[in-house]
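Visitor: Could you walk me through this protein and explain the words people use for it?
Guide: Gladly, let us look together.

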Amino acid sequence: MKEGGRKQGAPAPCAACKLLRRRCAQDCVFAPYFPADEPQKFANVHKVFGASNVNKMLQVGSFLALLFNLVSTFIKSLSCGK
């Protein structure tokens, strides 16, 4: 059954998707940083940077974090081999 136009148990869209009026996918880039219960947080960031630029920054940030973890692991493996 539907309740308020949504299926029961369906997660609420993140604050970014709600403000941008789009469907919030499971792999939404914004969701970890802008939860549904903090709509003003995304509204402020969106006003300053724009959604497209925030999206790009988050994707680059994720890539840099992954790269940092890989480099750190590689350096640790080199130091353990001595």
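**A patch on the surface**

Guide: Val60, Phe63, Leu64, Leu67, Val71, Phe74, Ile75 and Leu78 form a nonpolar patch on the surface, together offering about 770 Å² of accessible area. This is a predicted model, where local features need pLDDT of at least 70, side-chain atom pairs count only at pLDDT 80 or more, and totals for chains, interfaces and linings use all residues. Residues are numbered from 1 along each chain as its sequence is written, and side-chain values use heavy atoms, leaving out hydrogens and water.

Visitor: What makes residues a patch?
Guide: Patch residues have over 30% relative accessible area and no salt bridge; like charges are joined within 9 Å, and nonpolar side chains (Val, Leu, Ile, Met, Phe, Trp, Tyr) within 5 Å. A salt bridge is a side-chain nitrogen of Lys or Arg within 4 Å of a carboxyl oxygen of Asp or Glu. Accessible areas come from the Shrake-Rupley method with a 1.4 Å probe, and for residues only the protein chains shown count as cover.

Visitor: Why is valine 60 called partly exposed?
Guide: Buried means under 20% relative accessible area, exposed over 50%, and partly exposed in between (1.4 Å probe, protein chains only). Valine 60 has 46%, so it is partly exposed. Valine 60 is found in helix H3 (residues 51-80); helices (H or I, at least four residues) and strands (E, at least two) are DSSP runs, numbered from the N terminus.

Visitor: Why does glutamine 26 count as exposed?
Guide: Its relative accessibility is 88%, over the 50% limit, so glutamine 26 counts as exposed. Glutamine 26 lies in the loop between helix H1 (15-20) and helix H2 (39-49).

Visitor: And what about arginine 21, in the loop between H1 and H2: why does that count as exposed?
Guide: At 79%, arginine 21 also passes the 50% limit, so it counts as exposed. Arginine 21 has a positive phi of about 55 degrees although it is not a glycine. Most residues other than glycine have a negative phi.

Visitor: How do you know how H2 and H3 are oriented?
Guide: H2 and H3 pack at about 105 degrees, with axes 7 Å apart. Angles under 35 degrees count as roughly parallel, over 145 as roughly antiparallel, 65 to 115 as roughly perpendicular and the rest as oblique, so H2 is roughly perpendicular to H3. Axes are lines fitted to C-alpha atoms, for helices over the stretch in contact, and angles run from 0 to 180 degrees between N-to-C directions.
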